[in-house]
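Notebook open, coffee poured. I wanted to look up a few things in this one and jot them down as I went.

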Amino acid sequence: MNLARFPRISLAHLPTPIEPLPRLSAALGGPEIWIKRDDCTGLSTGGNKTRKLEFLMAEAMAEGAEMVMTQGATQSNHARQTAAAAARLGMGCHILLEDRTGSDAHNYNHNGNVLLDHLHGATTEMYPSGGDMNAALEAAAATHRQSGAAVYTIPGGGSNPTGALGYVDAAMEMLVQLNETRLTIDHVVHATGSAGTQAGLVTGLAAMNAGIPLLGIGVRAPQAKQEDNVFALATATADRLGCPGVVSRGDVVANCDYVGDGYGIPTPGCLEAISLFAECEGILLDPVYSAKAAAGLIDLIRGGHFTAGQRVMFIHTGGAAALFGYDSAFDITTKWTDKKTEAA
Ligand SMILES: *Cc1c(COP(=O)(O)O)cnc(C)c1O
């Protein structure tokens, strides 16, 4: 496994810190919970897509692209990080956004990641939900190419074998950190969506024979489909790395019991996870990905699946910028008083 031979551009602040979460661990009374702060990758409020973009944007540059195009949900963190990476490299950026939630809240449609997309100079266009967005992306790119633009397309979530290399690197980075600090970990838990994060991690961990089981908590697809997607991408990533067949189907484990009503729709468990992390540890989760994964982790601790005496690493994949698109999901009325109105 030799990552240095792949074209790569530095965009992330690496290595991301590993920290203990003592107050959260005590509040839950189960395993010792640790966190790897991939929310702190630095690019435009950070997140997991920055690692993938180091490899994807390098490929775009190598191909002579002047513009990148990608797609995602309205509050896509991937779209925002792609827009920021393009800005940094002086490339154009156009994003297809899919209305997956049907929300007509102003902040959902214009604030949070959407505001940041536009601040980075990207242009966006909205699509209704349910279509084949990667096909729509290729069609839109073909139109731009007809007018002479050199366009590089990035699939949703940056999840292809090139993007997944970013999470092979993350697996390597984490193992080095664990070795240096003599920290043993019984399980790694993180949010899984378009599959690139889990595919890269599972491939890197298997290629290094780490012996640390990985659990992806799903945010959209049912379990069998999610695991199949991750396994297919992990297989292709292992081929790309020159370690064909290193990942077996049994290494790919997803739990998709915490999706709730659908992608991007907050659940009571995810809102509780946001409060717990924010109030116990001063860490912000997001309602679409990291808090649904944390809700799964919390429920699995309460159900005795993870227990005292174990050590669990939660990979925080970022996403807090979306909170500003989801303000209406939170009831903060008990937490403030209005002296202005009282005085009047
Ligand atoms: C995209 C994203 C994920 C999921 O990663 P995939 O590689 O798409 O599976 C998790 N958390 C956050 C905050 C994300 O933006």
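Aromatic pairs came up first in my notes, and I found 3 of them in this predicted model. My rule for a pair was that rings of Phe, Tyr and Trp (its six-membered ring) have centres within 6.5 Å; planes under 30 degrees apart count as stacked, over 60 as edge-to-face and the rest as tilted. I looked up tyrosine 263 with tyrosine 289, and that pair is edge-to-face, with 5.8 Å from centre to centre and 75° between the planes. The two tyrosines sit 26 residues apart, so I noted where each belongs: tyrosine 263 is in the loop between β9 (254-255) and α10 (268-281), and tyrosine 289 is in the loop between α10 and α11 (290-302). Helices (H or I, at least four residues) and strands (E, at least two) are DSSP runs, numbered from the N terminus.

Ground rules, before I forget: residues are numbered from 1 along each chain as its sequence is written. The model is predicted, with local features needing pLDDT of at least 70, side-chain atom pairs counting only at 80 or more, and totals for chains, interfaces and linings using all residues, while side-chain values use heavy atoms and leave out hydrogens and water.

Next, the ligand. Which residues come nearest to the ligand? Of the 17 around it, I wrote down Lys49, Lys52, Gly193, Ser194 and Thr317; "near" here is a heavy atom within 4 Å. I sorted the shell into 3 nonpolar, 11 polar and 3 charged residues. For that sorting, Ala, Val, Leu, Ile, Met, Phe, Trp, Tyr, Cys and Pro count as nonpolar, Asp, Glu, Lys and Arg as charged, and the others, Gly among them, as polar. I also saw that α2 (49-62), β7 (187-192) and α8 (196-207) each give the shell at least two residues.

Then I checked distances to oxygen atoms of the ligand. A polar side-chain atom of threonine 197 is 2.7 Å from one, and an N or O atom in the side chain of lysine 49 is 2.9 Å from one. For glycine 196 I noted 3.4 Å, from a polar backbone atom.

Last, some backbone oddities. Leucine 14 and proline 15 are joined by a cis peptide bond, with omega about -5°, and proline 15 lies in the segment before β1 (18-20). Threonine 45 has a positive phi of about 80° although it is not a glycine; I found threonine 45 in the loop between β2 (32-37) and α2.

Terms used
A polar contact is a pair of N or O atoms within 3.5 Å; within protein, one must be able to donate a hydrogen and the other to accept it, and residues adjacent in sequence count only if both atoms are side-chain atoms.
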